[in-house]
Each structure stands twice: as structure tokens, then as C-alpha cells.
Amino acid sequence: MWRSAFVLFSFVLTCAFAATHSEGADNRFANPPMVSSHDGTLHVDLVAAPAEYTIDGHHFQGMLYNREYLPPVWRLRSGDRLTVTLHNQLSEETNLHFHGLDVSPLKNGDNVFIHIRPGETFTYAIKIPDKHVGLFWFHPHLHGDVDRQIIGGMSGGIIVEGSDRLYPFVNALT
């Protein structure tokens, strides 16, 4: 429990530090790139590989998705289908977990017991539940290596839109 809280706190602290120490308006931490679903579907290709990244002039060696410390945020709507093809170019096993999403772990769903070996590719396919909206994140969940891979840079955000449809009263708040 404490270990998970520390990992999440470290991630938030790193992002906050980077966001407050940036130069110019083109700040990837404050304005991350987004990819959005179209016609109820979003397909994402993720390449997990060792890479170097820089935050506020400091260079780090890590494990990144698509060679980016902050990969694009995925924007979906409740009811959409998400497919993620994960290509493992690391020298170790990895996998993927959709943190907070209440989706099935069966077959190629949110199964944290899947081990993707170096050089292998696996495609996840999930359906976002109809009444499921909010902010979520994706990260590896390989037991024994979770902390090291996340701290190494492997994580990203998920936004499931639709609160205006589920809770119409929020439309009056803007």
C-alpha cells in the first residue's frame, strides 16, 4: 500500500516540478498532446523501450513509451472500444494495466498476469463501460517490476469523457 502511494506521489511530484520549471508556452506537462477516439474506437501503438529524457536540463535514462516521457493522453467516451498494441523493445518482460477502469481482465483485456517478453507484441482490447467517466492512467503492472518501470517513465493518462451526458446538471456549471 505504502509503496503504491509513494510511486503515485513521486509521479505527481515529478510532473508538478517539471510543469513549474518550464520555459515558454509550449509546455508538454501543462499542455500534453492528446489522441482521441473516432466513431467509437481508439487504437494506440505503444513501443516500450529504453530511452533518455530531459526535464529542466537534467538528463535521465529510463524506460519510455514511444520514446516520450509524457506520451499522448488518450481521450475516449464511455462505450468506446480501445485497442492498444504494445511492442516490447525492453530487455525485460512488461505488460499494461488500465488503472481505475472497471474493465474485464479476461483474454486480452486488463490482465495484469500477461507477461510480454522482450521482442514480443501483444494487443489489448477493452470496451469502456457505458457509465464510466473520469480520469485514469495506464502503466505496466508486472509483479516485482511495477515500481521500477513506472518510475523509469512508463505511464500515461486516460480521459473518459461523458460526465455531461451522465450528469446533465454539470452543464450549468460552466
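## Burial and the model

Buried means under 20% relative accessible area, exposed means over 50%, and partly exposed lies in between, with a 1.4 Å probe and protein chains only. At 18% relative accessibility, Asn 111 therefore counts as buried. Buried residues make up 40% of the 174 residues in the protein.

The model is predicted: local features need pLDDT of at least 70, side-chain atom pairs count only at pLDDT 80 or more, and totals for chains, interfaces and linings use all residues. Residues are numbered from 1 along each chain as its sequence is written, and side-chain values use heavy atoms, with hydrogens and water left out.

## Elements of the chain

The protein has three helices and nine strands. Both are DSSP runs numbered from the N terminus: helices are H or I with at least four residues, and strands are E with at least two. Read from the N terminus, the order of elements is α-β-β-β-β-β-β-β-β-α-β-α.

## The five-strand sheet

One open sheet has five strands in the order β1-β4-β9-β8-β6, and its pairing is mixed. Two strands count as paired if DSSP finds at least two bridges between them. β1 (34–36) and β6 (97–99) are at the edges with a single partner strand each, so one side of each has no neighbour in the sheet. Neighbouring strands of this sheet are turned by 25 degrees against each other on average, direction ignored. The axes behind such angles are lines fitted to C-alpha atoms, for helices over the stretch in contact, and angles run from 0 to 180 degrees between N-to-C directions.

At the β6 edge, β6 pairs with strand β8 (residues 134–139) in the antiparallel sense over three bridges. Phe 98 stands opposite Phe 138 in β8.

## The four-strand sheet

A further open sheet has four strands in the order β3-β2-β5-β7, again with mixed pairing. Its edge strands are β3 (58–65) and β7 (121–127), and each pairs on one side only. The average turn between neighbouring strands of this sheet is 25 degrees, direction ignored.

Within this sheet, strand β2 (residues 41–55) and strand β5 (residues 81–88) run parallel and pair over eight bridges. Leu 46 has Leu 86 in β5 as its bridge partner. On edge strand β3 lies Phe 60, which is partly exposed because its relative accessible area is 36%. Phe 60 and Gly 153 are 93 residues apart in sequence, yet their C-alpha atoms are 9.7 Å apart in space.

## Salt bridges

Side chains of opposite charge can pair when their charged atoms come close. A salt bridge here is a side-chain nitrogen of Lys or Arg within 4 Å of a carboxyl oxygen of Asp or Glu. The structure holds six salt bridges. One of them joins Arg 75 and Glu 161, with the closest N and O atoms 2.4 Å apart. This pair links distant parts of the chain, since Arg 75 is in strand β4 (residues 73–77) and Glu 161 is in strand β9 (residues 156–161), 86 residues apart. Arg 75 is partly exposed at 25% relative accessibility, and Glu 161 is partly exposed with a relative accessible area of 25%.

Another salt bridge is formed by the side chains of Asp 130 and Lys 127, at 3.4 Å from N to O. Asp 130 counts as partly exposed at 46% relative accessibility, and Lys 127 is partly exposed at 35%. Elsewhere, salt bridges that share partners join Arg 75, Arg 77 and Glu 161 into one network. The side chains of Arg 117 and Glu 120 also meet in a salt bridge, at 3.7 Å from N to O. Glu 120 is partly exposed, with a relative accessible area of 33%.

## The loop at Asn 111

Asn 111, the buried residue named at the start, lies in the loop between β6 and β7. A polar atom of the Asn 111 side chain lies 2.8 Å from the backbone nitrogen of Phe 113. A polar contact is a pair of N or O atoms within 3.5 Å; within protein, one must be able to donate a hydrogen and the other to accept it, and residues adjacent in sequence count only if both atoms are side-chain atoms.

## A nonpolar surface patch

Tyr 167, Phe 169 and Leu 173 make a nonpolar surface patch of about 380 Å². Patches are made of residues with over 30% relative accessible area and no salt bridge; like charges are joined within 9 Å, and nonpolar side chains (Val, Leu, Ile, Met, Phe, Trp, Tyr) within 5 Å. Accessible areas come from the Shrake-Rupley method with a 1.4 Å probe, and for residues only the protein chains shown count as cover. Leu 173 lies in the segment after α3 (163–166) and counts as exposed because its relative accessibility is 67%.
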